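Reader: I'm new to this, so could you take one part of this fold and walk me through it slowly? I'd like to see what sits around it, too.

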Amino acid sequence: MNSKLDQLKTMTTVVADTGDLDAIAQWRPQDATTNPSLLLKAAASDAYRPMLDKAVAFASQRGGSTAEQLTIATDMLAVLAGKEILNLIPGVVSTEVDARLSFDTGATLERARRLIDYYDRQGVDTSRVLIKIASTWEGIRAAEQLEKEGIHCNLTLLFSFIQAAACAEAGAYLISPFVGRILDWHLASTGRDSYPAAEDPGVQSVTRIYNYYKANGFNTVVMGASFRNTGEIEMLAGCDRLTISPALLQELKDDQGELPQRLNAGSASTADKPHHVDEKRFRWEFNEDAMATEKLADGIRRFAADQIELENRVRQLATEAA
């Protein structure tokens with residue numbers, strides 16, 4: 001029998017959740033995702049040094065204040081990394097907008113357009129780029145406008161059904177519901193050590209969203225993310241896409257057991273009915289979900305902290321170059 005990874009690829013698009021170029025070359029996924037945390041880790045490798053040098057030089061040529069040059073350099077680094085990744089995969093790469101802009105629609109739009117411009121300057125087919133934005137109300141509004149401009153978006157840090165409903169209504173190309181972080185919260189809040197895979201709160205959340213989208217004809221792609229174990233992945237076999245770390249890809253490759261398909265668009269059913277999500281409804285229902293409220297805030301803080309650390313690394317490099 002084929003490995004579970006091979007079986008999974010017959011029913012789900014497998015995405016590599018890493019910025020490590022060697023890992024991407026090894027696993028050859030269809031797509032790849034990046035974020036500030038992954039870029040920060042990858043930037044410590046020798047493979048990224050030429051990209052760091054080029055990004056710093058580009059920012060220096062653009063001028064502006066030190067702070068402005070740092071944001072330009074880190075944006076260009078993300079773009080150069082994305083370009084290298086696209087040379088290794090046939091699909092798309094997700095590039096994230098600075099998490100510190102998560103509550104500013106206008107600034108998110110400006111930064112997203114800049115990232116696309118930088119990709120275009122590098123000769124990259126921008127239809128292969130997804131702009132990754134936090135699923136705040138402001139982020140969803142930015143994605144709605146970007147989609148109208150032909151810029152596809154990946155709405156990340158998604159933990160609740162109301163976020164997913166708002167993203168679908170906004171016409172977002174793709175959402176990334178975070179399975180493992182949902183599990184983390186429930187383990188911490190209940191004192192439990194584990195959940196059976198079928199009862200995993202993160203798995204149940206993505207399953208509900210998937211069935212809602214498919215049963216009601218929404219075209220937004222569902223890409224489960226942030227997995228803690230292969231059991232979560234197996235329970236979502238059949239989901240549109242799953243973004244998986246190299247360590248869990250290896251576990252799936254080493255497992256020769258049978259992998260049944262759990263999600264299927266043709267048989268999807270749901271009790272959830274489509275409804276208009278205005279700002280008041282979004283904020284109230286999101287506020288009522290303690291897990292989603294806490295995990296979104298925590299995720300933004302973590303990505304922002306890693307963005308700052310990445311800027312510090314770029315600043316140090318620029319100082320050494322001078």
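**A close look at strand β8**

Author: Let's start with a pairing: strand β1 (residues 13–17) runs parallel to β8, and 4 bridges join the two. If you want a spot to find on screen, look for Ala16, whose bridge partner in β8 is Ile244. Keep in mind that this is a predicted model.

Now for another neighbour of β8. Strand β7 (residues 221–224) also pairs with β8 in the parallel sense, through 2 bridges. Here Gly224 is the residue that stands opposite Leu242. How does the chain get from one strand to the other? Together with helix α11 (residues 230–235), β7 and β8 form a β-α-β unit, and its hand is right.

Next, zoom in on the side chains of β8 itself, which covers residues 241–244. Arg241 and Thr243 point one way, while Leu242 and Ile244 point the other way. Buried is the word for every one of these four.

One last stop, in the loop between β7 and α11: that's where Arg228 sits. Its side chain makes a salt bridge with Asp184, with the closest N and O atoms 2.7 Å apart. Asp184 belongs to helix α9 (residues 179–190), and with the two positions 44 residues apart, the pair links distant parts of the chain. Why would such side chains pair up? Side chains of opposite charge can do so when their charged atoms come close. Arg228 has a relative accessibility of 38%, so it counts as partly exposed. Asp184, at 28%, is partly exposed as well.

How values were computed:
Residues are numbered from 1 along each chain as its sequence is written. This is a predicted model: local features need pLDDT of at least 70, side-chain atom pairs count only at pLDDT 80 or more; totals for chains, interfaces and linings use all residues. Side-chain values use heavy atoms; hydrogens and water are left out. Buried means under 20% relative accessible area, exposed over 50%, partly exposed in between (1.4 Å probe, protein chains only). Two strands pair if DSSP finds at least two bridges between them. A crossover is right-handed if, with the strands pointing away from the viewer, the path from the first strand over the helix to the second runs clockwise. A salt bridge is a side-chain nitrogen of Lys or Arg within 4 Å of a carboxyl oxygen of Asp or Glu.
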